[in-house]
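Biologist: Could you take a close look at the nonpolar core of this model for me, and then place it in the setting of the whole chain? I would be glad of one connected walk-through.

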Amino acid sequence: MPGPHERIIFALDVDSSTRAFEWASLLQGEVGMLKVGLELFVGEGPSVVHGLRQRGARVFLDLKLHDIPNTVRQSAQQAARLGAELLTVHASGGAAMVAAAVEGATQGAREVRLPAPVVLAVTILTSISDAELDAVGMRGPCEDAVLRLGKLAVNAGAQGLVCSPREVKQLRSEIGKAPLLVVPGIRPAASDTHDQARAETPAKAIADGASLLVIGRPIREAANPVARTREISAEIERALRG
């Protein structure tokens, strides 16, 4: 099982490779993985993933692919060639799309002789509330929609899910121990929740069955990011000990 600090994924929500590499250097050995999201990937492209991997970082490529199955298959194939270890798609794209992502990721990794990335299906974004879910015409509440989409994605071959910490306990009881549950919306006690509608503390998320925690602003905006990361790691360790 991964150690406490290895359960932390730091969100590289920055606008340049320079800043990304600075964070990679600062947090080397303090977190398990670095997340490259849309802002950074659109701005810098695949080179930022190559650069992070050259610096010894493990990369979570959070692109939330959502398109027709063939396009998602080809996109996942390209992402796998970059050496990303985790890759996201939207579960709401449907079972055929999720299955196509897994196929593409497996093929792309095989072509460059790397392990295939774990395909994670995003259920309901952590910024979405029950009212917003209803406004876009999706059957809710959020907890029900997450469970419905999560089961669909796992049955289609996704090896893990992305969900808010509020749904972790129910999902874990329904889908079992094997799938990864990667959880954003993590806010240490007394932190600002910002735009996260369904946030929770690291300890609660881990105790409920989260595998990995995605944490950005609480670390990035701390006066001492390394010290804050170590505090979170210690909180995770306490939760793992029960």
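Modeller: Happy to! Let us begin inside: the largest nonpolar core holds 67 residues, and the members that touch the most other members are Leu-12, Val-36, Leu-52, Leu-61, Val-89 and Leu-213. Please keep in mind that this is a predicted model. As background, nonpolar side chains in soluble globular proteins tend to be buried together.

Let us zoom in on one of these residues, Leu-213. Leaving aside residues up to four places away in sequence, Leu-213 touches Arg-7, Ile-8 and Ile-9, then Val-183 and Ile-186, and also Pro-202, Ala-205, Ile-206 and Ile-236. Apart from the largest core lies another one, of 11 residues, which includes Ile-9, Ala-11, Val-162 and Val-182. Ile-9 is thus a member of that other core and also a contact of Leu-213.

Now for the setting. Of the 242 residues in the protein chain, 52% count as buried. Among contacts with a separation of 6 or more, 68% join residues 24 or more positions apart. The chain is built from 11 helices and 8 strands. Its radius of gyration is 17 Å, close to the 18 Å that the globule rule gives for 242 residues, so the chain is as compact as a globular protein of that length. The C-alpha trace spans about 45 × 40 × 35 Å along its principal axes.

Moving outwards, the protein chain exposes about 10,800 Å², and 49% of that area comes from carbon and sulfur atoms. As for charge, there are 27 positive and 27 negative side chains, with the centres of the two sets 6 Å apart.

Since you work with geometry, a few backbone details may be worth a look too. Lys-64 sits in strand β3 (residues 59-65), and its phi is near 50°, a positive value in a residue other than glycine. With a relative accessibility of 27%, Lys-64 counts as partly exposed. Arg-113 also has a positive phi, near 60°, again in a residue other than glycine. Arg-113 belongs to the loop between α5 (95-111) and β5 (118-122), and at 81% relative accessible area Arg-113 is exposed. Finally, the peptide bond from Gly-140 to Pro-141 is cis, with omega near 0°; Pro-141 is in the loop between α6 (130-135) and α7 (142-155).

Definitions and conventions
Residues are numbered from 1 along each chain as its sequence is written. This is a predicted model: local features need pLDDT of at least 70, side-chain atom pairs count only at pLDDT 80 or more; totals for chains, interfaces and linings use all residues. Side-chain values use heavy atoms; hydrogens and water are left out. A nonpolar core is a set of buried Ala, Val, Leu, Ile, Met, Phe, Trp, Tyr and Cys residues joined through side-chain atoms within 4.5 Å. Buried means under 20% relative accessible area, exposed over 50%, partly exposed in between (1.4 Å probe, protein chains only). Contact means heavy atoms within 4.5 Å. Helices (H or I, at least four residues) and strands (E, at least two) are DSSP runs, numbered from the N terminus. The radius of gyration is taken over C-alpha atoms; the globule rule is 2.2 Å times the number of residues to the power 0.38. Accessible areas come from the Shrake-Rupley method with a 1.4 Å probe; for residues, only the protein chains shown count as cover. Lys and Arg count as positive and Asp and Glu as negative; His and the chain ends are not counted. The place of a charge is taken as NZ of Lys, CZ of Arg, CG of Asp or CD of Glu.
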